[in-house]
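Me: I am new to this structure and would like to go through it step by step. Could you take my questions in turn and give the reasoning behind each reply?

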Amino acid sequence: MVGGNWWCFGDRRSSGEDVSDLDPILLVSGVGGSILNSKPKGWFGLTTRVWVRILLADMEFRKRVWSLYNPDTGYTEELDDSSDIVVPQDDYGLYAIDILDPSFWIKLLQVTDVYHFHDMIDMLIKCGYKKGTTLFGYGYDFRQSNRIEQAMDGLKEKLEAAYKASGGRKVNLISHSMGGLLVSCFISLHSDAFSKYVKKWITIATPFQGAPGYVNDSLLTGLQFVEGLESYFFVSRWSMHQLLVECPSIYEMLPNPEFQWKKQPEIFVWRNRSENGQDSAKLETYDPSDCVGLFEEALKGNEIEYNKKTIPLPFNSSIYKWAATTRKMLNSVQLPEGVDFYNIYGTSLDTPFDVCYGSETDPIIDPSEICHTLPEYSCVDGDATVPAESARADGFPAIERVGIPGAHRALLRDETVFEYIRKWLGLEEQSSTRVKTSKVIDVGLA
């Protein structure tokens with residue numbers, strides 16, 4: 001029964017049922033999935049939400065979020081030296097990952113693109129979970145590396161808090177998208193703590209082997225976080241691009257060159273070549289191992305104007321080296337014994353895989369033109385962001401892997417996803433006719 005109101009045998013709060021037997025849940029967001037505030041360093045000034053916001057979004061984003069990577073510390077640091085980027089910790093960490101723009105008009109219009117974990121939080125509360133006792137959230141500064149100390153310490157603190165608040169019960173983790181990579185890094189660096197605090201880990205739409213078309217194009221031309229009419233009031237694609245080239249988290253989602261893809265993801269560029277005074281278009285191909293040269297060429301002259309200063313933003317080789325170390329970590333991580341792992345991945349949507357710039361009739365003359373060119377995608381099955389091939393290749397001994405038709409962020413409010421979560425948490429009868437029990441399932445084919 002999909003879309004019904006029978007959740008968890010009815011609303012456990014109103015039935016008077018004792019819910020103290022519930023293991024705590026910690027929700028972990030992915031890239032772009034946490035509210036970011038700009039907080040003044042001094043005594044004066046107001047804390048301003050800079051991600052996500054619809055009104056005045058692009059102006060505030062350029063002023064307060066544009067950043068530069070510091071190779072000495074490994075952190076990406078905002079250009080605005082009068083403020084710090086912080087993640088609000090209200091509502092036991094849930095506020096930052098609930099509705100990403102909680103302003104009055106966005107709630108009134110119900111702009112679903114920014115309703116992040118909202119529906120899942122509501123579902124879990126109806127199942128009897130209580131904020132601060134059995135339900136917590138972890139939002140983080142997603143500009144940073146997935147293995148940076150700040151993110152690792154923050155996750156450990158949240159796990160400890162959930163563990164203690166529930167009287168020493170182990171935690172069930174539910175992560176989305178890049179949050180699954182962050183959890184994987186935590187396992188690699190803090191395996192003992194993960195074993196101590198975690199009982200089950202459910203991950204949704206995680207790019208375990210990268211998101212080839214999405215990330216390759218993000219580094220070259222940027223990305224649009226929201227679509228439709230709202231996009232005209234949001235951060236522009238170009239403004240996002242100028243941040244992403246300085247974000248380790250994005251480089252860490254480049255396609256894994258060591259993964260045995262069914263077909264290697266590629267970037268194609270139609271280039272104008274002159275021979276003997278004759279111009280012709282030639283198609284050049286770049287696989288994950290040699291795309292760095294293209295990135296360097298295309299971004300060589302990339303720059304921004306900030307506070308009347310010109311700041312170069314080329315392809316960042318220091319971040320690429322850092323990300324390569326992260327990839328080695330992700331390739332070797334092993335799930336500790338005693339932790340049950342479940343994987344939900346999106347299917348049935350065209351998902352960017354190969355990217356092509358220019359055309360045979362309109363080739364690229366200078367590589368810098370790529371950054372201002374709309375790409376053509378070759379697509380594979382997935383959630384429109386992460387290929388199913390990447391998302392299901394977790395490398396862990398999963399109890400169950402399930403492919404569910406749906407878009408990347410929409411999976412967080414999908415009733416079929418909720419059915420599986422409730423089943424795996426032990427909140428539903430095991431005899432449900434819609435929920436299968438085999439090792440690997442594709443609901444779209446059921």
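Me: Let us begin with P212: which residues does it touch, not counting residues up to four places away in sequence?
Reply: The model is a predicted one, and in it P212 has its place in helix α8, which covers residues 212-221. Leaving out residues up to four places away in sequence, the residues that P212 touches are P255, W261, P265, F353 and P387.

Me: Is P212 buried or exposed, and what is its relative accessible area?
Reply: A residue counts as buried when its relative accessible area is under 20%. P212 falls under that cut-off and is therefore buried, its relative accessible area being 0%.

Me: How far apart in space are P212 and T351, C-alpha to C-alpha?
Reply: In sequence, 139 residues separate P212 from T351. T351 belongs to the stretch 349-357 that forms strand β15, while P212 is placed in helix α8. From C-alpha to C-alpha, the distance in space between P212 and T351 is 9.5 Å.

Me: What share of the contacts in the chain with a separation of 6 or more comes from residues 24 or more positions apart?
Reply: The chain has 446 residues, of which 58% are buried, and its secondary structure comes to 14 helices and 18 strands. Among contacts with a separation of 6 or more, the share that joins residues 24 or more positions apart is 75%.

Me: In the open sheet of three strands, which strands stand at the edges?
Reply: The order of this sheet is β3-β2-β6, and the pairing is antiparallel. Each of the two edge strands has a single partner strand, so one side of each is left without a neighbour in the sheet, and these strands are β3 (48-51) and β6 (83-86).

Me: Which residue in β6 is the bridge partner of S38?
Reply: Strand β2, made of residues 36-40, runs antiparallel to β6 and is joined to it by four bridges. One of the residues of β6 with a partner is D84, which is paired with K39. For S38, the bridge partner in β6 is I85.

Me: Which side chains of β6 point to the buried face, given that the side chains alternate?
Reply: Along β6, D84 and V86 point to one face and are not buried. The side chains that point to the other face, and are buried, are those of S83 and I85.

Me: Which residues of helix α2 are buried, and how wide is the arc that they cover?
Reply: The buried residues of α2 are A57, D58, E60, F61 and R64. They lie on the same side of the helix, because the arc that they cover around the axis is only 165°.

Me: Against which elements do the buried residues of α2 pack?
Reply: The partners include one helix, α9 (237-244), and the strand β5 (75-78). Strands of the three-stranded sheet, whose order is β3-β2-β6, take part too, so that the complete list for the buried residues of α2 is β2, β3, β5, β6 and α9.

Me: At what angle do helices α5 and α6 pack?
Reply: The contact brings A151, M152, L155, K156 and L159 of α5 together with L182, V183, C185, F186 and L189 of α6. By class, nine of the residues in this contact are nonpolar, none is polar and one is charged. The axes of α5 (residues 149-165) and α6 (residues 179-189) are 10 Å apart, and the packing angle is about 85°.

Me: In the open sheet of four strands, which residue of β16 stands opposite L349?
Reply: This sheet has the order β11-β10-β15-β16 with mixed pairing, and its edge strands are β11 (278-286) and β16. Strand β15 pairs with β16 in the antiparallel sense over seven bridges. Opposite L349, the residue in β16 is G382.

Me: Where is the cis peptide bond that ends at V52 found, and which residue does it start from?
Reply: Most peptide bonds are trans. V52 is found in the loop between β3 and α2. The bond that leads to V52 is cis, with omega near 0°, and the residue it starts from is W51.

Definitions and conventions. Residues numbered from 1 in each chain as written. Predicted model: local features only at pLDDT ≥ 70, side-chain atom pairs only at ≥ 80, totals over all residues. Heavy atoms only, no water. Pairing = 2+ DSSP bridges. Buried < 20%, exposed > 50% of the residue type's maximum accessible area, 1.4 Å probe, protein only. Arc of directions from axis to C-beta. Contact = heavy atoms within 4.5 Å. Axes fitted to C-alpha atoms, helices over the stretch in contact; angles between N-to-C directions. Nonpolar A, V, L, I, M, F, W, Y, C, P; charged D, E, K, R; others polar.
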